[in-house]
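Let's take a walk through a protein fold together. Have the viewer ready and turn the model as you read.

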Amino acid sequence: MLTLKHIKALNIEISSKCIASCPFCSRNQKVRPYGNYMITFSDFKKLPQSLIKQLKWVSFAGNFGDLSTNRDMVIIADYLKRLNKTVALGGDTNGAVQDEHWWGELGTHFQDGCMEFSVDGLADTHAIHRIGTDYLKIVKNIEAFTRAGGVAHWKFIVFAHNEHQIEQAEQTARDIGCKRFFVIPSRDYDDQFKKPEKIGFQIKRDIFHSYDEKVSSSRAVVTCKPFANGSLYLAADGTVHPCCFAHCMYITAHNAAFDFLPPLAEKYYDRINFKTTPLADILMGPYFDEILKESKTNAYCRMKCNQFRKTIKRELVLRDRYFD
């Protein structure tokens, strides 16, 4: 049985809204309605303070939305750090919403963790992929964030149209105060968004499949994330899941290997919302109990949560630079 005392980390989709229109985003693969939701400060305060005080890490990196579309983000970050000074805050954002003042305020709370800013090129190429975002505004927001002490990482997704700008982007990242610059491949490529020509690599799903073969042959036991590292995923609509994959595979066209999940989510959806049901009751309820049992032998869980997952993450990084 899973209880609150097991939980040491939260991954939170603080908003399901995003102004960008990236071509391969999960927002384009929905098979169920999932609108614009927010976890407001009022919602957030429904989480037990005892839980917040024991957390080691909170990441604001959702499946469908961007944290900068939630105006309560600064208030929530402040609340977390006041209750738990040692908790590290992380996030993933396109940095395209809000102004420099807002990002400066947020940066004061991200000195222990890091914020990954997704910037895929320079002024003339970034918005080719990050459609609907303004490169110059993003750079100013990152500068405001780092000036306030926030730890910023620049994540660069490489395509044929921006691969020639990697070195210049790296220098820009250093100049505006980022602590890290790293390059990764896109989850997909097509005739419009082409693979880079000068960099050889495997895309994420192919790397996962190659390691899955090793796991299958070794018959390793899969341990679901809440039990393995004490983490939970909170979706912007308030539903609570063992991981981001569980939520994403319910809303989008799911992987056939994960067939057991959508019926469970459908059955229990109204009973797993922390905005209306105490989190402790959700964790001890049938949804988590059934998922944790199924995960031990499920092929999708085995592929995503095996002993090689950290190795896979490292292999996805094509260039990695840290700055003093």
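What follows goes from the sheet to a helix, then to the core and the cysteines.

First, some ground rules: this is a predicted model, where local features need pLDDT of at least 70, side-chain atom pairs count only at pLDDT 80 or more, and totals for chains, interfaces and linings use all residues. Residues are numbered from 1 along each chain as its sequence is written, and side-chain values use heavy atoms, with hydrogens and water left out.

Let's begin with the sheet. Strands of a sheet pair through backbone hydrogen bonds, either parallel or antiparallel. Here, nine strands make an open sheet with mixed pairing, in the order β8-β7-β1-β2-β3-β4-β5-β6-β9. At its edges sit β8 (240-241) and β9 (319-322), each pairing on one side only. Strands here are DSSP runs of E with at least two residues, helices are runs of H or I with at least four, and both are numbered from the N terminus; two strands pair if DSSP finds at least two bridges between them.

Now zoom in on β3 and β4, which run parallel and are joined by four bridges. Thr-93 stands opposite Phe-117 in β4. Helix α6 packs on the sheet, touching β4 and β5 (152-158), and its direction makes about 150° with that of β5. That angle is taken between N-to-C directions on a scale from 0 to 180 degrees, using lines fitted to C-alpha atoms, for helices over the stretch in contact.

Further along, β5 and β6 pair in the parallel sense over six bridges, and His-153 has Arg-180 in β6 as its bridge partner. Is β6 buried or exposed? Six of the six residues of β6 (180-185) are buried, so this strand is largely enclosed by the rest of the structure. Buried means under 20% relative accessible area, exposed means over 50%, and partly exposed is in between (1.4 Å probe, protein chains only).

Next, the start of helix α4. Most residues other than glycine have a negative phi. Gln-98 has a positive phi of about 80° although it is not a glycine, and this residue is found in the loop between β3 and α4. Then Asp-99 caps the N-terminal end of α4, with a side-chain oxygen 3.3 Å from the backbone nitrogen of His-101. A polar contact is a pair of N or O atoms within 3.5 Å; within protein, one must be able to donate a hydrogen and the other to accept it, and residues adjacent in sequence count only if both atoms are side-chain atoms. The buried residues of α4 pack against α3 (73-83), β3 (88-93), β4 (114-118) and α6 (135-147), where contact means heavy atoms within 4.5 Å.

One residue of α4, Leu-106, also turns up in the largest nonpolar core, which has 96 residues; Leu-106 is among those with the most contacts inside it, as is Tyr-287. Such a core is a set of buried Ala, Val, Leu, Ile, Met, Phe, Trp, Tyr and Cys residues joined through side-chain atoms within 4.5 Å.

Just past α10, Thr-252 sits in the loop between α10 and α11 (261-268). Its side chain reaches the backbone oxygen of Cys-248 at 2.7 Å.

How many disulfides are there? A search of the whole structure finds zero, a disulfide being a pair of cysteine sulfur atoms within 2.5 Å. For Cys-22, the closest cysteine sulfur, in Cys-25, is 6.2 Å away, too far for a bond.
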